[in-house]
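Student: I've got the model open and I'd like a close look at one part of the inside. Could you pick a residue there and work outwards from that?

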Amino acid sequence: MKKKLLFVLAAVIAVTMMLSACGGGSTTTTPPAGGGGSPAAPGGSPTTPTPPAATPEVTLILTNHDADETLSGQWCHKWADMVSQKSNGRIEVQVNNGGSLAGPTQSLDKVKDGTVDLAFGLQQFYPGQFPMTDGLSLPYLPYTSASQASDIMMNIWMNTTLLQSDTGYQGTKVILIRSNCDAPITTASKKLNTVNDLQGMTIRASTESITNWLKAFGATGKGCPINELFQNLQNGAFDGAITDWHGIYSYKLYDNCAKYFADEAVVYSPYYFLMNQAKYDSLSAENKAVIDECSGQAALDLMNGDWDTMKATTTDAITKAGGEVYKLPDSEHAKLVAAADKVTSDWIAANGDNGKQLHDKIVALCQTTAGATPSN
């Protein structure tokens with residue numbers, strides 16, 4: 001009997017030791033090498049990372065008129081990825097590039113009425129709705145690169161109230177204002193040797209200031225959606241265009257269409273990236289914080305230098321297609337700048353103190369902000 005009791009006691013001790021070795025005690029677990037373990041929270045308990053959402057809490061519909069392979073198309077995808085990552089999958093952004101939901105003259109209305117939640121586009125396609133923003137794209141402002149112009153445009157939006165009166169922004173949350181590339185003078189079949197060669201031409205121009213600038217040389221500025229420009233140049237409805245290098249490349253205006261490209265940094269045009277305000281207001285505080293974190297500087301930093309490399313890409317494509325990129329003589333360039341100065345003076349006079357403040361702010365920031373890559 002005594003032997004049986006000793007045997008049972010030994011068995012109990014053995015089982016207890018086994019349970020302790022399997023983690024039943026207060027032993028400390030060491031994470032595997034390389035940081036694979038969960039960090040310890042206060043109190044010693046390991047924390048567990050929040051797993052990605054199995055299905056999104058929110059789906060946002062984004063429209064952009066440019067194709068997937070364009071810079072703006074790529075940017076929209078990168079922004080969508082940033083939002084997904086920072087929300088841990090709670091917010092999905094469905095990118096619809098190529099104008100499948102809205103063309104270049106429709107996206108603003110679509111985002112305002114809630115047909116889409118987000119829109120990437122250009123203010124220049126909406127005459128009269130962005131009168132102060134037009135001051136960012138006066139001819140021959142002293143920008144030196146798209147990166148510099150973008151920094152300045154976003155700086156003005158975030159740190160002044162000079163643009164907020166524009167009705168085009170009403171009903172939206174502004175996520176980004178950035179600059180496109182600079183715009184040369186594109187002509188379909190006639191090379192410009194002097195500014196007098198512009199006399200009688202019909203030139204695509206998307207803002208009143210550029211139309212007025214062209215008028216000084218006897219040319220007629222006329223609006224035209226970018227997706228219709230190729231055909232209008234090819235069939236002779238337009239003799240040329242003031243269109244940025246990105247647009248020239250994206251819509252292949254050099255391919256059996258326009259032949260001559262005067263390398264004049266005539267204008268830098270702003271883009272908008274807007275969210276329907278009611279949609280933003282409907283988000284949870286946590287999801288609003290993600291959109292806020294992906295707005296402003298964070299949105300600007302995505303691909304900010306890529307627009308400055310587009311000129312070299314485009315000029316290479318033009319040369320391969322048999323077109324010509326050239327410089328006007330300095331004396332002719334000076335005439336273009338003098339006419340631009342007159343247009344700017346008239347614009348400032350028409351827009352009063354706010355117009356002067358905006359122009360002065362642009363010039364001051366140009367003097368203190370280094371551009372990434374000179375345009376010319």
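Tutor: Let's start at isoleucine 291. Setting aside residues up to four places away in sequence, isoleucine 291 touches Leu60, Trp79, Val83, Ile91, Lys173, Ile175, Met275, Tyr280 and Leu283, where contact means heavy atoms within 4.5 Å. Before going on, keep in mind that this is a predicted model, in which local features need pLDDT of at least 70, side-chain atom pairs count only at pLDDT 80 or more, and totals for chains, interfaces and linings use all residues. Residues are numbered from 1 along each chain as its sequence is written, and side-chain values use heavy atoms, with hydrogens and water left out.

Ile291 belongs to the largest nonpolar core, which has 82 residues. A nonpolar core here is a set of buried Ala, Val, Leu, Ile, Met, Phe, Trp, Tyr and Cys residues joined through side-chain atoms within 4.5 Å. Buried means under 20% relative accessible area, exposed means over 50%, and partly exposed is in between (1.4 Å probe, protein chains only). Trp75, Trp79, Val93, Tyr143 and Ile291 touch the most other members of that core. There is also a second, separate core of 25 residues, and Ala183, Ile210, Tyr260 and Leu336 are among its members. In soluble globular proteins, nonpolar side chains tend to be buried together.

Now for strand 4, residues 172-182. Helices (H or I, at least four residues) and strands (E, at least two) are DSSP runs, numbered from the N terminus. In strand 4, 11 of the 11 residues are buried, so the strand is largely enclosed by the rest of the structure. Strand 4 pairs with strand 10 (residues 268-276) in the antiparallel sense, over 8 bridges; two strands pair if DSSP finds at least two bridges between them. If you want one spot to click on, valine 174 has leucine 274 of strand 10 as its bridge partner.

Next, an open sheet. This one has 6 strands in the order 7-6-8-5-9-11, with mixed pairing. Its edges are strand 7 (220-222) and strand 11 (324-326), each pairing on one side only. From one strand to the next, the twist averages 25 degrees. Strand 6 (residues 202-204) and strand 7 run parallel and are joined by 3 bridges, with threonine 202 opposite threonine 220. Helix 5 (residues 208-215) lies across strand 5 (185-187), strand 6, strand 7 and strand 8 (240-242), and runs at about 130 degrees to strand 8. Axes are lines fitted to C-alpha atoms, for helices over the stretch in contact, and angles run from 0 to 180 degrees between N-to-C directions.

Two helices are worth a look as well. The axes of helix 4 (residues 146-159) and helix 12 (residues 330-368) come within 10 Å and cross at roughly 135 degrees. That makes helix 4 oblique to helix 12 (under 35 degrees counts as roughly parallel, over 145 as roughly antiparallel, 65 to 115 as roughly perpendicular, and the rest as oblique). Helix 4 makes the contact through Gln148, Ile152, Asn155 and Ile156, and helix 12 through Leu358, Lys361, Ile362, Leu365 and Cys366. Helix 12 also holds threonine 344, which counts as buried at 8% relative accessibility. Apart from neighbours within four places in sequence, threonine 344 is in contact with Leu138, Pro139 and His359.
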